[in-house]
Amino acid sequence: MLMRTKPLFQLIYLGWLVFTLFACQKNLDPFGEVQKISLKASVSFLNADTSSRLPLAISVIDKAGNALNYPDSAIQIYANGVWQPDIQVRNNPYSPHAYYRSKQPGQISLQARWGPLISQPLILTARPKKTYPIIRLPVIFHIPQSLDLPKKGIVLKQVIAGVNQLYRDAMANSDPNHADSFIEFYLAATNPDGYPLLQAGLNQLDFDDPATNQASGAKVDSILAHWCIKQYVNIFVKINWEKGAHPVGSSFSYMPLYSVDPYPGDATCASLSKARAAIMIADENAFTFSVVAHELGHALGLGHTFGDCFWYTDDHVKDTPRQQEAHPDGTNQKQSCGGVYFLATNVMDYYNRRSGLTQDQVAVMRTIINYPTYLPIHVESSAGGRMGYRDVPPVVLIDCRE
Ligand SMILES: [Zn+2]
């Protein structure tokens with residue numbers, strides 16, 4: 001039959017034969033050229049439940065240090081020495097190669113195997129979810145005179161509802177460490193004199209942003225002296241006392257943790273106002289639940305999830321992937337410094353579709369809430385405007401990963 005085909009087809013057939021022989025050779029003995037299998041996870045923690053899944057990256061490295069392609073399903077995953085037949089390893093170029101789930105809390109030693117080759121153990125910790133007492137924080141939005149919220153289609157209730165969904169982990173967040181913060185925000189119902197506000201959470205100002213930072217700062221100081229940070233989370237929209245210090249369109253936030261007083265106990269509303277512990281939302285375009293939730297995260301002690309892979313900087317929160325500042329791909333995925341793809345859902349990330357927080361981010365915020373600070377939380381001690389109970393031990397903020 002080969003003799004009767006045209007020369008071109010003979011050549012194709014011959015090529016196919018050689019390819020098949022070579023491919024068979026590779027499948028029969030792929031290990032001669034392979035140096036090692038590497039197994040990485042986006043982070044070392046995951047929720048112990050049925051839904052959370054930790055993205056994994058599995059690479060096969062040849063003796064020259066190059067990554068090799070490997071057949072789908074050739075590699076098997078072992079947890080504490082036991083084969084996990086449910087974990088399918090796929091050699092996807094732009095997404096995780098596999099996921100790990102654990103219903104049980106505890107430490108897991110994960111390994112990838114291909115024939116006689118076995119990866120170094122990857123130590124993971126599956127953690128049960130935590131609960132905390134619910135904390136509710138009153139929010140007041142200071143809106144410039146000429147910003148007509150209904151005209152711009154901005155509804156404060158909707159903004160706060162979105163923030164609360166995110167903070168209460170109700171957004172179908174797929175992060176392996178997604179967590180409920182048990183923190184809720186509500187639109188303040190009364191003004192500092194105790195009278196009901198015309199619209200909850202709204203203080204429509206009788207001026208627009210002054211031209212200079214000094215003039216804007218003076219306005220903000222006088223507002224904060226009245227709308228005390230012990231009573232409200234203050235959010236200014238388009239009243240920018242740091243013009244020129246940030247890129248146009250950037251919002252920013254200061255934690256209500258520091259005062260200008262030498263002794264924190266001496267702090268009064270007037271002296272606290274000088275620290276300008278408030279949030280500034282740049283403009284109506286930034287007036288979304290996503291940006292407000294992000295700035296509230298800063299106000300409660302969180303940093304950005306990204307840092308610098310080379311200098312090994314990041315948010316010092318151990319269950320968020322260490323990553324470079326980057327745009328996600330079309331499916332909201334990013335890559336960790338270790339090259340593991342993950343869905344970028346974190347509220348403290350940039351450019352992503354934000355839908356939640358992690359367990360350790362929640363631990364940071366709950367520590368800020370539980371330790372002396374000037375958040376508008378119901379006073380349960382004689383500490384003068386500070387939180388009374390301290391049921392959460394300090395979290396370790398610095399941890400080395402990957
Ligand atoms: Zn930020």
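Me: Is H298 buried or exposed?
Reply: H298 has a relative accessible area of 16%, where buried means under 20%, exposed over 50%, and partly exposed in between (1.4 Å probe, protein chains only). The model is predicted, with local features needing pLDDT of at least 70 and side-chain atom pairs counting only at pLDDT 80 or more, while totals for chains, interfaces and linings use all residues. Residues are numbered from 1 along each chain as its sequence is written, and side-chain values use heavy atoms, leaving out hydrogens and water. At 16%, H298 is therefore buried.

Me: Which protein residues are the donors of the zinc ion?
Reply: Donors are N, O and S atoms within 2.8 Å of the metal (3.2 Å for Na, K and Ca), and sites may look incomplete because water is not among the atoms. Along the chain the donors follow the spacing H-x3-H-x5-H. Each binds through NE2, at 2.0 to 2.1 Å from the zinc ion, and they are H294, H298 and H304.

Me: What separates H294 and H298 in helix 6?
Reply: Helices (H or I, at least four residues) and strands (E, at least two) are DSSP runs, numbered from the N terminus. Because H294 and H298 are four residues apart in helix 6, their separation is about one helical turn.

Me: How far apart are the end C-alpha atoms of helix 3?
Reply: Helix 3 has 12 residues, 156-167, and the expected span of a helix is 1.5 Å times one less than its number of residues. That gives an expected 16 Å, which agrees with the distance between the end C-alpha atoms, 16 Å.
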